[in-house]
Amino acid sequence: RIVSLDFPITQHESMRSENTMRANGILVMGGGSGSGNMQTYVEQLVKDFPTKKIVAVCGRNQRLFTMLARNTAANLEVLGYMEHMEPVYEQVDIVVTKAGPTTIVEAVMYKKPLIITGWVGMQEKGNVDFVINSHVGYSCQNPHDVASYIIHIYAHYDLFVLEKPIFTNGTEKIVDYILTYSPTSWKAFYNNPNCSLSSFLS
């Protein structure tokens, strides 16, 4: 049985930035593992947009971080794994990323248009269509073409920033569903603040 519930969002209300000023920055990332052809995209953007800040979040990909850190371009900032992305999103206008669901949700909530560079596994492929059909970004799988998409988004920026949110916080819905369809013992466990997981399983 497949049940469709909303995405669990942390502090979703505070994510809706009211700042309408452009940050003149572009974020490039590939999820927590820094996957995808990030290095090529970063190097292309650094060259194509010398007056814009390019922020590369490499996640846990230490090899990628080391390679990008060797780039001496003045407009490039290279970061590793980030526990909290809020300060990073505030520095950029557009997010260039693979089709990871968490990044897509965060970017939309922060009102940052997306350029999807690819996907990992079939579970992410449908996210590309979602971004395009929701009019929050484009798909670009060629690093040499990404500049034209970015220029177009900047020229029509407001068209990619949704006034009404398309995501709501699904945390409570998910918990309620689990409790509703869990055995009685699990319900008792979740409702008892003094009960630990280790004691429940022992």
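**Exercise 1. Find what percentage of the protein chain counts as buried, and how many helices and strands it has.**

Step 1. Of the 202 residues of the protein chain, 39% count as buried, where buried means under 20% relative accessible area, exposed over 50% and partly exposed in between, with a 1.4 Å probe and protein chains only.

Step 2. A word on the material: this is a predicted model, in which local features need pLDDT of at least 70 and side-chain atom pairs count only at pLDDT 80 or more, while totals for chains, interfaces and linings use all residues. Residues are numbered from 1 along each chain as its sequence is written, and side-chain values use heavy atoms, with hydrogens and water left out.

Step 3. The protein chain holds ten helices and six strands; these are DSSP runs numbered from the N terminus, with helices being H or I of at least four residues and strands E of at least two.

Step 4. Turn to contacts, meaning heavy atoms within 4.5 Å. Among those between residues at least 6 apart in sequence, 60% join residues at least 24 apart.

**Exercise 2. Trace how strand β2 is paired on each side, and how the chain gets there.**

Step 1. Start with β2 itself, residues 53-57: four of its five residues are buried, so by the cut-off of under 20% the strand is mostly covered.

Step 2. Strand β1 (residues 25-29) pairs with β2 in the parallel sense over five bridges; pairing requires that DSSP finds at least two bridges between the strands. Here methionine 29 stands opposite valine 57 in β2.

Step 3. Between β1 and β2 the chain passes through helix α2 (residues 38-48), and this β-α-β crossover is right-handed. The term says that, with the strands pointing away from the viewer, the path from the first strand over the helix to the second runs clockwise.

Step 4. Strand β3 (residues 76-79) is joined to β2 by four bridges, and the two run parallel. Valine 55 faces glutamate 77 in β3. The route from β2 to β3 goes through helix α3 (residues 62-69), again as a right-handed β-α-β crossover.

**Exercise 3. Describe the aromatic cluster that contains Tyr138.**

Step 1. A search of the whole structure finds four aromatic pairs. Rings of Phe, Tyr and Trp (its six-membered ring) pair if their centres lie within 6.5 Å; planes under 30 degrees apart count as stacked, over 60 as edge-to-face and the rest as tilted.

Step 2. Tyrosine 138 and tyrosine 149 have ring centres 5.3 Å apart and planes at 55 degrees, so this pair is tilted. Because tyrosine 138 lies in strand β6 (residues 137-139) and tyrosine 149 in helix α7 (residues 146-155), the pair ties together parts eleven residues apart in sequence.

Step 3. Tyrosine 138 also pairs with phenylalanine 160, edge-to-face, at 5.3 Å centre to centre and 65 degrees between the planes. Phenylalanine 160 is in the loop between α7 and α8 (171-181), 22 residues from tyrosine 138.

Step 4. Check the exposure. Tyrosine 138 counts as partly exposed at 25% relative accessibility, as does tyrosine 149 at 28%, whereas phenylalanine 160 is buried at 9%.

Step 5. Put together, Tyr138, Tyr149 and Phe160 form one aromatic cluster.

**Exercise 4. Which lysines sit over aromatic rings?**

Step 1. The test is that NZ of Lys or CZ of Arg is within 6 Å of the ring centre and within 35 degrees of the ring normal.

Step 2. Lysine 52 lies over the face of tyrosine 154, at 4.1 Å from the ring centre. The charged end of lysine 125 sits over the ring of tryptophan 119, 5.1 Å from its centre.

**Exercise 5. Map the largest nonpolar core.**

Step 1. A nonpolar core is a set of buried Ala, Val, Leu, Ile, Met, Phe, Trp, Tyr and Cys residues joined through side-chain atoms within 4.5 Å. The largest has 26 residues, of which Val28, Val42, Leu45, Ile54, Val96, Ile115 and Ile150 touch the most other members.

Step 2. Two or more residues come from each of β1, α2, β2, α3, β3, β4 (94-97) and α7. Helix α2 gives the most, with five residues.

Step 3. Look at valine 96: leaving aside neighbours within four places in sequence, its contacts include Ile26, Val28, Leu45, Ile115 and Ile150.

Step 4. Apart from this core lies another, of 24 residues, among them Leu27, Ala99, Ile116 and Val136.
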